[in-house]
Amino acid sequence: MTESTRAELLAESGDGGRTRLAEFFAARGEPAYRASQVEEWVWTQGARSFDEMTNLPASLREALDEAFSLTPIEPDYVARSRDGTVKHLWRLEDGERVESVLIPTRDRLTLCLSSQAGCALACRFCATGYFGFRRQLRAAEIVAQYRDSLRLAREDMGRPASNPISNVVYMGMGEPLANLDGVIGSLASLHGGFGLGARRITVSTVGLIPGILELARRPEPFELAVSLHAPAHDLRLELMPIEKRYPLPDLFEALRTYQSYKNRRISFEYTLIRGVNDDPGLAELLAELARGLICFVNLIPFNPIPSRPEWGPSSAEAITRFSEALAARGVGNAVRRPRGRDIAAACGQLRLSRES
């Protein structure tokens with residue numbers, strides 16, 4: 001079979017993959033346990049090639065390779081921070097490059113995944129927008145970032161074999177809900193194939209309402225994060241052009257619909273840029289917008305990018321004032337400590353540094 005006709009096992013949920021493998025081995029007159037062997041290699045061991053499956057005869061490995069793809073991606077560059085953060089720049093089969101980041105803390109290891117090569121939404125504070133949009137990632141290409149990061153977590157970072165990556169966030173390159181088919185397919189694989197709990201997976205969006213409502217209708221309790229960054233129309237439009245298409249009143253109506261389905265807390269991401277969006281009055285406006293929602297605000301000091309040399313992170317004092325203004329109005333929040341700044345760990349920065 002050609003590459004284009006091979007089924008990508010990483011794009012399958014557990015049930016779908018088991019069915020495909022069972023049919024493959026039944027057609028060849030092989031015993032049913034062969035499918036279980038392959039399942040173990042793919043969804044537990046994280047095999048990158050069929051050659052690794054040493055308990056299968058060579059002829060079977062060759063036949064599997066003709067029928068299926070394990071979607072190989074290659075590490076183009078690996079950066080390791082003093083704080084333990086590890087960032088990969090992955091080269092896909094067509095030469096496109098995307099990023100993922102492993103972020104360790106005391107009790108968890110979080111993987112940040114990319115869902116697109118580039119991004120079309122042009123948020124002013126994001127390095128990914130510098131490249132524009134290149135293409136959607138297939139579900140298997142998203143999952144391959146997890147598969148290869150899983151192996152690194154086990155083999156190089158000393159994480160427990162049973163649960164090396166505790167959380168996954170779709171906060172890398174691209175807008176996840178602009179690639180709904182790829183993202184939904186990858187969610188099914190991570191949850192149903194690799195067995196990652198739905199509550200340990202967070203999908204982030206700048207506010208694409210159709211995608212938010214699609215997630216609301218799904219049965220799995222995946223977490224939702226919204227990149228907000230400004231609670232006023234004119235300021236948000238300046239920072240995030242998506243505000244023109246999906247303005248704040250419509251977005252918050254959709255979020256209330258989402259919460260009526262899920263009854264789950266919504267996270268807001270708010271990047272604090274000195275003198276741009278860090279006035280305490282904006283915190284008051286944000287609290288008013290979020291009235292009635294179960295929510296939490298992650299305050300993120302701006303990570304400088306070359307395309308915006310005039311911008312810098314808010315001062316510690318300004319961040320504290322903003323945080324206290326939210327808390328005084330009953331909105332839970334926390335300041336996210338910057339990680340991996342010495343390795344350009346913010347979204348898009350590593351690729352930008354490697355191409356500049």
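Start by selecting residues 97–104 and 109–112 in this predicted model: these are strands β5 and β6, which run antiparallel and are joined by 4 bridges. Show the side chains of Pro104 and Leu109; Pro104 stands opposite Leu109 in β6.

Next, widen the selection to the sheet that holds this pair. The sheet is open, has 10 strands and shows mixed pairing. Its order is β3-β4-β5-β6-β9-β10-β11-β12-β13-β14. Colour β3 (74–80) and β14 (332–335), which stand at the edges. Each of these two has a single partner strand, so one side of each is left without a neighbour in the sheet. Stepping from one strand to the next, the twist averages 20°.

Now add helix α11, residues 316–328. Which strands does α11 lie across? They are β12 (266–272), β13 (295–301) and β14. Relative to β13, the helix runs at about 175°.

Keep α11 on screen and select helix α10, residues 280–289. The axes of α10 and α11 come within 8 Å and cross at roughly 30°. Angles under 35 degrees count as roughly parallel, so α10 is roughly parallel to α11. The crossing of the two helices is right-handed.

To see the contact itself, show the side chains on both helices. From α10, pick Pro280, Leu282, Ala283, Leu286 and Ala287; from α11, pick Arg321, Phe322, Ala325 and Leu326. Coloured by class, the contact of α10 with α11 has 8 nonpolar residues, no polar ones and 1 charged residue.

Conventions:
Residues numbered from 1 in each chain as written. Predicted model: local features only at pLDDT ≥ 70, side-chain atom pairs only at ≥ 80, totals over all residues. Heavy atoms only, no water. Pairing = 2+ DSSP bridges. Axes fitted to C-alpha atoms, helices over the stretch in contact; angles between N-to-C directions. Contact = heavy atoms within 4.5 Å. Parallel < 35°, antiparallel > 145°, perpendicular 65-115°, else oblique. Left-handed = near helix turned anticlockwise from the far one by under 90°. Nonpolar A, V, L, I, M, F, W, Y, C, P; charged D, E, K, R; others polar.
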